[in-house]
Each structure stands twice: as C-alpha cells, then as structure tokens.
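Here are a few notes to read alongside the coordinates. I hope they help you find your way around.

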Amino acid sequence: MERSSALIGLIFLLISISCLINPISAAASGSGEGYSIAGRVKLDNFVTKGFGLGHSPKLSETKVILNGGQRTTFVRPDGYFSFHDVPAGTHLIEVSSISYLFSPVRVDISARNPGKIQAALTENRRALNELVLEPMKDEQYYEIREPFSMLSLVKSPMGLMIGFMVLVMFVFPKMMDGVDPEEMRQAQEQMREHGIPSISNLVAGRS
Amino acid sequence: MEARFLLGFLLLLSLSSFAFAIYEDQVGLADWHKRYIGKVKHAVFHTQKTGRRRVVVSTEENAIASLDLRTGDILWRHVLGKNDAVDQIGLSLGKYVLTLSSQGSVLRAWNLPDGQMVWETDLQISNPSNSFLHVLGNVKSGRDSLSLVCNGGSIRAVSSIDGLVVWKKDLSIDGLKLKHVFQPPESDTIYAIGFIDSSLIALYHINAKTGELLKHATQASSVDLSSEISAISSDSLVALDTSRSNLLLIKFMAGTITNHKLPLSDIVQDFSGLAELIPTKSNDIFVVKTPSNVAFIKVKGDNEIELIGKADEAGIVSDSLTLSEEEQAFAVVHHSNNAISLQVRINGREALTEGIKIEDHRGHVKRVFLNNYVRTDKSHGFRALIVMEDESLLLMQQGEVVWSREDGLASISDAVVAELPVEKEGGVSVVEVEHTLLEWLKGHMLKLKGTLMLSTPDDMAAIQAMHLKSTERNKMTRDHNGFRKLIIVLTRSGKVYALHTGDGRIVWAHLLTPLLQSESCPSPSVLTLRNWRVPHRKALQENPSILLVGRCGAGPESHGFLFIVDSYSGKVLETQILDHSIAEVVPLPLADSSEQKLHLVIDDKLNAHLYPRGSDALEVFVREMANMYYYKVENAKEVIKGYAFKKGCSTGSSAYCFGTRELWSVVFPSDSERIVATARRKINEVVHTQAKIMTNQDVMYKYITKNILFVATVSPKAAGGIGSAAPDDAWLVAYLIDTVTGRILHRVTHQGAQGPVHAVVSENWVVYHYFNLRAHRYEMTVIEIYDQSRADNKDVMKLVLGKHNLTAPITSYSRPEIATKSQSYFFTHSVKAIAVTTTARGITSKQILIGTIGDQVLALDKRYLDPRRTANPSQEEKEEGIIPLTDTLPIIPQSYVTHTRQVGDLRGIMSFPANLESTTHVFSYGIDLFYTRIAPSRTYDSLTDEFSYVLLLITVVVLIVAILVTWAMSQKKDLQEKWR
C-alpha cells in the first residue's frame, strides 16, 4: 500500500516535471486527426474563507468542460486534466466549481503547425503560456451579517424613535433653562390662549 | 484592461445591494434541494466487513453514485457528460470504482470512500461505434491489478493504480468480436474467445504480463451465432444462435475448440418463441429466459446438459452471485398486482422466497441486483436492489423494504403548478392559541438574541431547527400569500408526482400508463401536462385538475390518449383513448362554463380537435374561432407556417373536429440558415403597464402582444458545436415574427456568431444568449420593441380631448410602426436554460434566471439588460437607476438563487407567481430539484422573517415608560413652580 502510493507520487512528480518543460502539451494521438489538451487546475494560492456550513471546497467536485458541454472531464487529485482526440480549431474550456469563479479559456489548436496550442483567458484576454487555470476569485454566496453594534441599533427606526425621545426629554429642558422665566411665562400664556395644549396637560388629562 | 476590471468590480460592489441575497442562516428557510441519481442500470455492492456498506450504481442519466446501503443516502455522486454514457462499472483493488464510458473508450477510476477521480485513461479506440464487450476482469500481475478492456478485436490492459495502458493487442481480424476473457488461477495466460462474423469461433492465448499472442485457433460453428453468451466454466461457454431457439455449447480445452448444438426444445419441454440468455459467470450453470418461464440449466460431463430448476412465471432475473466455489445464487422477481415476490435460487434450487407488499404506483419490476451477507450462524442472507418501472430504487431485505428512493424525479420532462385546497373554517381552541403564543414569543426571543449576536451555538441550532420545522410552511392548505402550492411534475417514465412547495415532499404520485396498457394501446407514453381546470369565480367548489396527454405507440401517427387527474388527490377523473394522433396540444385562453380550459389537440394531419367535449365549450370556441390562429415550426424543412381554423375536418364528421387553412409561411433559405431556437411569451404572463417613462419625461409605448415568436437561425456550417466553425462561416439571424400574420417585425444578423441559442421572451423584450466566435466569448443580446404609432400621444390637450389611440386594442390585424432598441453584452458562462421571473401583477421588476454550466441558477436583474445603458449616464439617468454600460454582465455570487447548491444536469427553470406581488417561486430541475422563493425588488409588501417583533415590543414599552417618566417629571416641576 505504502509502496504503491510512493509509486503514484513518483509518477506525479514525473508528470509535473514534464509539464514544467512543456506546459501545454499536445500530441497527435494514434487515431489520426485528434490532439490532446492537457492542463492543470491550481487552487494552491487560494485559501477559502466564509464558505459555509462545513463545506470545504473539494477538487473532486471540480469539472472541466469543453465547448459548452461537448465533453466533460474531472480533475485528478493533483489538479491535472486532459481531453483527448480534440480536432484542430479554436475551443473553449470552462471550469465548473462551486467554490471558485474561473475565467473560460480559449484554446487554439493549430491545424498547420500540428501540436501547437495557444491558450488565453477570455475574460481579460491574458495569454497563458502554460495551461494552468487559477480561479479569479472565490465565491461568496451569502451576505455577511454585520456584527452587532450600537450604531446599527441606533440607526434602526426604533432606535431613532428612542433617540429622539431622549433628545426631547433631556436636551429641550436644558434649552428652556437659558430662557428668561418672565418671557417663558408670557410664551406659555400665549400658547394657552391659542389653545395649544402642553404635553404635561395632555397626559394629566386637564387642559 | 486591469483598470476596467477593477472598475467592474467596484461597480459590482456598489450594485450588490439590490441583488438577491440571503444570509447563511436563512438557508432552507424558503428553499429546498433534493438530490437524485436517475434510473439505475448497473450496481456493484461493496460490503466488506470493515467500513461502511455501500452500493455503487451507474444510471441512465450518466451519473455514478455511491449509496449508503443502510439508508439509501448518496455518499457521493458524479454526473458525466451528455455523450459519456456509462457502459460498465466495476471495483478494483477494493478501493477504486472503475467506470467504462463513451462506448468503451474512456476508463476512469474513482476513489471509493470520497469519489475523487484518481485517474482517467482515453483508450483511443479507433471505432467506438463498433459493438463491443468490455471485461473488467482483474488480472493480477505482481502488486498491481490489470483491467482488460476489449473492444471488437482489440484488448487493452490497464493498470489499476495509475491508469496507464500496460499493453495492448490488436488482433486485427475483420469481423472479430471478442466475447469472453478469462484467466485460469495461478496462470500467466489469458484466454480470449470471440466470434468472427457469427460463423467462426476463435480462441487466443495471450500472455497476461506482456500481451504477447501465444497461440490461436479458429473453428467453424454449426449454427449462426448471436451476440448473447454465457460463460459457464473456465473452459466452456454457452451461446445462443440467431434464431434464438438453439444453444451452442463451446469448449476450448488445451487450445482446441469443440462445439455442440443443443436445441432448446430438448431441454425445456414446452419451449416456444424466442429465448434469452441471462449473462452469468462460471460454475456450470446458466439461465435461459423464455417467454413462459425461466430455466436453470446445468452442464454435466462433456456434452450433457440437464434442467435443474424452473421458475414458472417469467420473472426478472438478476446476475449470478457467487457464494462459494460451488454455489451460485440468482434472484428471480415476480410482480403481481401490488406485491412482489423475491425468490433466491442457489444452483437452481429454491433457497428463499419472500413476498412484499408494494405501492401500486411503482409499476413492474425492471431490474434486480442481488447481494448476500453472512448471518451470525454462517448461513447466507440476501438483499436485493430492485429498480421499478417508475425508476424508483428499493432495497429489500428479510421481506421488508429497507429504503426506497424516488429516482424517477431525476428525469422530469414537464411541470405545472396547482393550488392547494382552501383551509376549512373551524374554531381554534384557547389552549392551542396560548401554546402557540408562548412558542411564538420564545421563538422571537431566540431570534432577538440572534440579531443581537448574543446567542450561543445551541441557540443558533435551535433557530435553524425552528425555521425548518415551521408547520406553517408545510400545511396542506392554501395560504394568503400564495407561498404554498403544488408543483405537479411529469417524469420520463410517465409517472406524475405532486410536490409541496414547502419542503418538496411528495403529496401524491401515480403511474398512469399501466392503466391503459391494452390491445388498443400497446405502449402508452405520456407527452405533456397542462392545467385543465383552475377554479375561480363560478367553479370554486370544484377541485382543480390536470390534463395529461400521451401517445399509445412510438410513431407520431399512433393514437393519443388523455387523462384528467384531480390535483388534490391524484385521482383519475377521466380516461380517454382518442381516435386520432397527437402532434401538439394548444391551450386556449378560453374556458367553458365549469371553468375547464379549452385545449386544441392538433393531429398529424393538421386537424384540430377541441377538448373538453361539451356543447358550451363548442359554443365558446366557435364564437372565437375567427380570432384563433396556430403556427407550426417545421425544423427539418426550415419553414414556419401559420394556420387559421375552419369548420369541418378532413378525417371525420365530428363537431369537435376542425380543419386548418394555411395563411402564411416564412421559408428560411436552407443553404444559409438553420432554425436552432424558438421562444415565445408565456401565455399567462401579466403586464402591468404599457407605458415606459424615459428620463427626459418622454413616454415610450411597449409593443405588447402575445403573438410574438422569436426565431434564431444559424448558418449550416456553424450548426455544430463550438470549435467546428470559423468566424467567417458563422452567422446568427434573430427574427421576431408575428404569429397571426407572419409579419417579420424585426430581423438582425450577428456575424461570426453561432449557437447554442437560448432565448426568453417577456413583455416587449427578448433576451438571447449565443456564442461570439470573433471574441470567443458568450454574448447576450436584448431587443426591446416599442409601438411608434402611439408615440405621439404626448400632447396633454389631445389626451384631454380624447383624441388619442391609447384605448385602441393592440391587434395583429393592424400593422403598427414599431421601433426596436437593442444592446449586446458579454456573458462569462455557457448557459443550459433561461427563464424570467413572473409575478402576480407584473409590477415588480424582472430578473432573468440563467442556468449556468456549473448547474447553478443566476438571477440577473433586467436592468443590466437595458438598451438605454450608456457608458456615462447623465445625472437624471443615474437617478432613474440606469447602470453605466460595461462590456460584460456582472456575475455576483450573492445573486445565485441556488447559493451553494448545484442542480445536477440542469435542464429547466420555471418561475410562477405567488399571491404576494413582490415574490415569485423558482423551481429548477435536472437530476436534482431545487426550489426557492425570490423577491426581485425585495419584499416591499410584507414584513420579512427578519423583522424583529420583540425589538418592536421593547420600543413600545420603552416609549410608554418614557412618557410616564416625563409625565411624572413635569408634574413634579409644575408643583415646584406652584410652590415658588
């Protein structure tokens, strides 16, 4: 068991070395016209945050899709994927992953120059010199709840109501203090004449 | 470029406020997600002593899945591509699942515990269309284990550890089809046996380690060989001849082949008809299925065979199961009425018979897979995995159904919505009220704690559980907001299910086709589903009902049938086998006096048959007949034809049968255009207003008609998939056609564009998605149509004096001036389905629901697809909500209505209105089902669940206290004043 995993490791190492030398590998396969597209999905630099409910992003859920569904393949544990027997022409590769957003990739397989493959991200037209697909960003499906703060409570309609009341209760009397008692009385007289009831009278039920 | 990206991202952030978004703890509040696998075609059990017992299955939906054998839950599942059908599955090294797919050309290994793909090998088979056989015999070679894949005349040995092809051998003989491969124990030689052109038997000896051909021999057969064989021991196999009435016993010992013909009638006494050989593996026994019974036959000695057992009724037989060196077990399942009996036979002798009652809506048994376990007393126990006619999956053990899965729901073909019954009036007891009040308060205290971020994880769990358990959403009655409804779905097997929108449970399910099966209707299949009666006004006391239309045979000329089913209970109210065929069902916007909707069934001779049959229905239709039109898109001929109806039909003299008269046709030049997509408005869509106020206080009038048809054609060279055409050979033409007059309202050509095209039509606009070959990106285009003939109704004086044409009905008979506005944008993803939200009164702004290649559903605001968008909107335009133009439509993760869920193999999205104007139901289906409710402009007409009643209560209390305090203070102050 251990030896076999060591063997797997060795093979992967060999693959990765060969990929470093010739990253976009294309080879005319035995059955004639088709070429192979091989590439890698790389998630190493991405640490997911906020992907909820204990879902950890899994490579096993990542699919690679050629030309909008003509062919579908899955990603190996080391991130490599390949399509075989693809005719020459311009193709589109999309990566479907629930946790990340990937840009589709345009892949040109030259008919005149067999085996020459060019790749470019379609979203920002950046040319790729090796077919290593990295996510543009991780997907955040949920709104983040803002942490509880006094400010948000105060800003809510109820908070505003209470705030206004407090203001009326404590700030208005203070404003009254500055007014001359004589003038104040006059003003109150006037108010009574005009029939504007004061709050205290209203509550007390006598006006 | 970078700067633009940044800008786009900033814009995206600024706009995220009006995207549909939920908090993580709201998951499951309004939505549900159900995962299925589809109809099982292969199953492999993995029941080792250690670890979880599981069964690995592959299905007709190209899914492979690992199910928990105790509960039937999906442990992991993968859906392969559309053209990647699974041919065979197997287990290797006890830890990998091997799948052979794409007609034997792709071999994949999956890690058994977690479903991670370990390796994938393209076997580069030159002629995959060839009939073939694949053997996943595990041939030991050192530590590694080899898997052999045979296709026609070639063998490939694949290492199980890394998927590398260790050796391949092309026997390169024309007409050779390898049939069987085996390796005697402790030997390095593989024997491969095959037939050449159904007359020669060939045997090859191959070195297992190198693939070297050691020896080969051929021998002429005495009968014509069919492709059915059964391997019975390490050196012999049985084949069936092409007449299906003779057996051929082939022995191939020591490099020589002998064959011996045995007529079946010698073995099975009352044999007649065509026999079928059930594939088995070794041990001298094979199984022949004849129309009347199942025979177990043992091979004795050289050419002697003996009938050792017979199951009298023709049943479904499982593959053989090896119990030990000598013992082979088979399961034979019979189905009668609503019971199935499972019979396990060991070496042909009956070992166990179990009967079990089963719901009659599951139909007949289609497949059975047998597995054994060792009981504590060392005897064998058996469990059987049974696939039923409705594609459901049952596990049967000890005469009981351990679990069942409704996997028919993985193949929904059509869906409609029905109302639930009205709640009956009735008193509610005080105790109940008090109880619920207490619960209610408790719940809200918890919620308050949640909003104040004071809750413990336990409280959080309690909140979640409370949300999910809420009895309110699962009631079987209609609610005021229209949130509770029934979704009635039709599946490929012809079964009809009613699903509750609250939690997705099955309210009722019926398999109707067996009711019809008879001489006159040999193979009924249901085509479509329609609302038959939607009660309101006059017929409120009647139950709503559903119309099911189907065909009795496979061809388009075979007779049709229809069912009318009660939507509350699923009871069949009416069954009718029609005397005509069915090409299309056209629902009409008319109803008869008992609120039954009128439907026209168009047959293959273009006659229209009116249903329901009733004099008032006929009267209603005849009155409106002059205004009824029908159109037909003939994809093969690239023609669209429009018809009117006339009295009297060509086939009969029935009063309900009407003829058609061709009015117009639009012929597309077949050398430059192919029809790839059509779309039209939903028949029941509601439009709130015709007028649209522009920023400069100008009014534009939408051209709103139900008779608009969107047609997309592409150049023949670009009709294939992406990658097959060059930009110069490709173009896409979009048409808007009036279906009454055949008038082409608008036509636009997109050079360098190709399909697939997905389109949606609503109100006065159409949005379509296609591929732009020049930019090599997907594009979406919006076309809006405005009525110019009403455009001069701006003068107030005219309106006052009534000199306007606003009240004139919109009719296809007049030919109004129309103006179109259009804009195109890039879109990142491939699209699988597209729909638009519909609300009760059409006031709420629209969202476009896009099913993306990642099997998610994205809700994109219609405001992003507004032809009035400009790069630098003026102040007024900004105030009106016009978004600055960007070349790409933004994809905001929060606006995925499916959030972290995926609807495997997404095929359709359906939106239907709730009674609450702000809210719409969204139901999307593929292998999985996902339902949710969304509010495209937020819930402006009701308090959300988020609303904190406790906070409101606290505020009220605080206010009252404050009033009392101020009163007391003012009293005190008054007193002081008076004392002074």
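The points below take the interface of the two chains, then a record annotation, then some backbone details.

1. A word on the source before anything else: this is a predicted model, so please read every value below as computed from that prediction.

2. How many residues of each chain take part in the contact between chain B and chain A? On the chain B side there are 77, and they touch 65 residues of chain A. Together the two chains bury about 6500 Å², with 58% of that area on carbon and sulfur atoms. Within chain B, the residues that lose the most area to chain A are E24(B), H776(B) and T900(B), yet together they make up 10% of what that side buries.

3. You may want to look at the polar side of this interface. The rule finds 0 salt bridges between chain B and chain A. The count of residue pairs in polar contact, with both partners at pLDDT 80 or more, is 14.

4. Which elements of chain B supply the surface facing chain A? At least two residues each come from α1 (2-15), β1 (22-23), β6 (74-79), β9 (106-111), β10 (117-122), β58 (777-787) and α10 (949-979). The helix α10(B) gives the most, with 14 residues. By residue class, that side of chain B divides into 35 nonpolar, 25 polar and 17 charged.

5. The two chains also share strand pairing. Strand β12 of chain A (residues 142-143) pairs with β1(B) in the parallel sense, over 2 bridges. If you would like a spot to zoom in on, Y142(A) stands opposite I22(B).

6. An unreviewed UniProt entry places a "transmembrane region" at residues 947-970 of chain B. In the model, this span is 92% helix and 0% strand, and its end C-alpha atoms lie 35 Å apart.

7. Now for the backbone. Most peptide bonds are trans, and most residues other than glycine have a negative phi. Chain B has some departures worth a look. The bond joining Y611(B) and P612(B) is cis, with omega about 0 degrees; P612(B) sits in the loop between β46 (608-611) and α7 (615-624). The bond from G755(B) to P756(B) is cis too, with omega near 0 degrees, and P756(B) belongs to strand β56 (residues 753-762).

8. Where do positive phi values turn up at residues that are not glycine? Q398(B) has a phi of about 50 degrees and lies in the loop between β34 (393-397) and β35 (400-405). H776(B), from point 2, has a phi of about 55 degrees and is found in the loop between β57 (765-772) and β58 of chain B.

Key. Residues are numbered from 1 along each chain as its sequence is written. Chains are lettered from A and ligands numbered from 1 in the order in which they are written. This is a predicted model: local features need pLDDT of at least 70, side-chain atom pairs count only at pLDDT 80 or more; totals for chains, interfaces and linings use all residues. Side-chain values use heavy atoms; hydrogens and water are left out. Contact means heavy atoms within 4.5 Å. Buried area is the accessible area (1.4 Å probe) that two parts lose on being put together, summed over both. A salt bridge is a side-chain nitrogen of Lys or Arg within 4 Å of a carboxyl oxygen of Asp or Glu. A polar contact is a pair of N or O atoms within 3.5 Å; within protein, one must be able to donate a hydrogen and the other to accept it, and residues adjacent in sequence count only if both atoms are side-chain atoms. Helices (H or I, at least four residues) and strands (E, at least two) are DSSP runs, numbered from the N terminus. Ala, Val, Leu, Ile, Met, Phe, Trp, Tyr, Cys and Pro count as nonpolar, Asp, Glu, Lys and Arg as charged, and the others, Gly among them, as polar. Two strands pair if DSSP finds at least two bridges between them. UniProt positions are given in the numbering used here, feature names are shortened, and annotations may be inferred rather than shown by experiment.
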